[in-house]
Amino acid sequence: METENNKEESNNEENNKDTEPYRAEAGSGQDRRIRTLAYEQPYKAVLKMGLPVAFGMLFMVAYNLVDTYFIGMLHNDYQLAGASLAYPVLMVMIAISGIVGNGGASYIARCMGAARQEEAEKTLMLGFEMILVMSLLLTVLGLSFFTMGNYAFGQLLRSEGSVLYAMVSMIAGTVANIILDPVFIFTLGMEIRGAAIATILGNILSTVICLWVYMTGRSLLRLSARHIGFSLPIFKEIMLVGVPHTLEQFFSTASILVLNNLAAAYGGLYVAAMGISSKILSFGNYLYQGIAAGCQPLMGYNYGAANYKRLRSLIRAAIIITTGIELAVMTACGIFAPVFAGLFSTNDTVIDIAALTLRGFMLTLPFVGTTSIVRNVYNAIGMPMYAFTITIVRQLVLYIPFLLLFNYLFGYRGLIHAQAAEEMLCVVFSVFLLRRSLKKMEEKA
């Protein structure tokens, strides 16, 4: 009996070791991912967490362009149109998976910062269950689990600092997709169906890699059967951040629809030019969005640890880095706008309009990175309604009215400069709001 009691005490000690606070002193031998979250020099931590996410997103942009190129080689406008119509469905699935990916990641990072490993692992398991249920609701076959799981599990891995694993899974799926596209489309003669199958297989590979990381103990958190079940408090935390974040994406889509409808009044060449400019600018957009998303675990962890001084330093570093990168992208767009436009069209008129459009759009870049950082900070610290407020102000209060007003006053040139004017005001509002929130946090501490 004594021996059994000793064994039980020994097991309890082992379990306690597993749930020890992550916030150990620097140099105590804790995992390098935790050292990055808790102690790494701010600029280095932001680059280490943000750049892999940004590069992964750029790979996805490259895939979308390649996928369109391969389908275009079929010389069948109906199949190309079909792919375009299917794309919003994919975006909806990704947006829905963002409920878990963003909401779960935010709460996990805060739990880890507060040394609540058990709660973090319960959140991870509930996130897995939610993705499974949502994917089954969206399709009887459940194939959307790999589309949705690919995005959500990548977010959850990043929440614990495993950005490299998340990047590898994203890039591996994208590369597989690019390789399989011509095989299924041309070699097997499956045309657009082949592109769809290649996309599914690429997403399956990405999801399998994420699950492999969890199942083989390479992650800090574990998918454990003992956490299977439903927790209302955790579910609320996930939904609190996840739902507003998903709604933000739908509002952004509404703004794009307004922009496209206004551009259509100037003729098909203007619509084509605007599409080209948007694709080129998407590379700059994904850079700041990737860095902002990659930094979210840093912000959440240090908020959970009540290390507000480090939180401020990280925010400052993230804003300076994104602004610097976007200024470089803006300069490149300004100088090489006709060259970039010429990669997508041989029509001189379209190239001229696209160059003009790109130079108008690029003026947003010095401002949008800061606004994105601020919104991600609010999501990271569990205050999503502030992030949602910024989105409402940005899209509904400023951008759509500015589009209508500038288009009426200045024509097409006004249309392409409306966002820059809106972003200048929005960044002032966002920074003012965040400074006020940080001051209140520090006063309560």
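The axes of helix H9 (residues 232-264) and helix H10 (residues 268-304) come within 8 Å and cross at roughly 145 degrees. Here axes are lines fitted to C-alpha atoms, for helices over the stretch in contact, and angles run from 0 to 180 degrees between N-to-C directions. On the H9 side, Leu 259, Asn 260, Ala 263 and Ala 264 meet Tyr 270, Val 271 and Met 274 of H10, where contact means heavy atoms within 4.5 Å. Sorted by class, this H9-H10 contact has six nonpolar residues, one polar and no charged ones. For that sorting, Ala, Val, Leu, Ile, Met, Phe, Trp, Tyr, Cys and Pro count as nonpolar, Asp, Glu, Lys and Arg as charged, and the others, Gly among them, as polar.

A word on the model itself: it is predicted, with local features needing pLDDT of at least 70 and side-chain atom pairs counting only at pLDDT 80 or more, while totals for chains, interfaces and linings use all residues. Residues are numbered from 1 along each chain as its sequence is written, and side-chain values use heavy atoms, with hydrogens and water left out.

Taken as a whole, the chain comes to 15 helices and zero strands; these are DSSP runs numbered from the N terminus (helices are H or I, at least four residues; strands are E, at least two). Of its 445 residues, 50% are buried, where buried means under 20% relative accessible area, exposed over 50%, and partly exposed in between (1.4 Å probe, protein chains only). Among contacts between residues at least 6 apart in sequence, 79% join residues at least 24 apart.

Back to Met 274, which also turns up in the largest nonpolar core. A nonpolar core is a set of buried Ala, Val, Leu, Ile, Met, Phe, Trp, Tyr and Cys residues joined through side-chain atoms within 4.5 Å. This one has 99 residues, and those touching the most other members are Val 46, Met 112, Met 274, Leu 298, Met 299, Tyr 378 and Leu 415. Helix H10 gives the most to this core, with 13 residues. Setting aside neighbours within four places in sequence, Met 274 is in contact with Leu 259, Asn 260, Ala 263, Thr 357, Phe 361, Tyr 412, Leu 415 and Ile 416.

H10 also has residues that meet Ala 54, which sits in helix H3 (residues 42-72). Ala 54 counts as buried because its relative accessible area is 0%. Not counting residues up to four places away in sequence, Ala 54 touches Tyr 286, Leu 287, Gly 290 and Ile 291. Ala 54 and Gln 289 are 235 residues apart in sequence, yet their C-alpha atoms are 7.1 Å apart in space.

Next comes helix H11 (residues 308-342), which packs with helix H13 (residues 365-380) at an angle of about 150 degrees, their axes 8 Å apart. That angle makes H11 roughly antiparallel to H13; angles under 35 degrees count as roughly parallel, over 145 as roughly antiparallel, 65 to 115 as roughly perpendicular and the rest as oblique. The crossing of this pair is right-handed, a label used if the near helix is turned clockwise from the far one by less than a right angle, with left-handed for anticlockwise. Residues of H11 in the contact include Ile 315, Ile 319, Glu 326 and Met 330, and among those they meet in H13 are Leu 365, Gly 369 and Ile 373. By class, the H11-H13 contact has ten nonpolar, four polar and one charged residues.

H11 has a second partner in helix H12 (residues 348-361): their axes come within 8 Å and cross at roughly 145 degrees. This crossing is right-handed too. The contact includes Cys 333, Pro 338, Phe 340 and Gly 342 of H11, along with Ile 351, Ala 354 and Leu 358 of H12. Its make-up is ten nonpolar, two polar and one charged residues. Gly 342 is partly exposed, at 33% relative accessibility, and its C-alpha atom is separated by 9.0 Å from that of Ala 354, twelve residues away along the chain.

Two alanines in loops round things off. Most residues other than glycine have a negative phi. Ala 115, in the loop between helix H4 (77-113) and helix H5 (117-138), has a positive phi near 65 degrees and is buried at 18%. Ala 306, in the loop between H10 and H11, has a positive phi near 60 degrees and is partly exposed at 45% relative accessibility.
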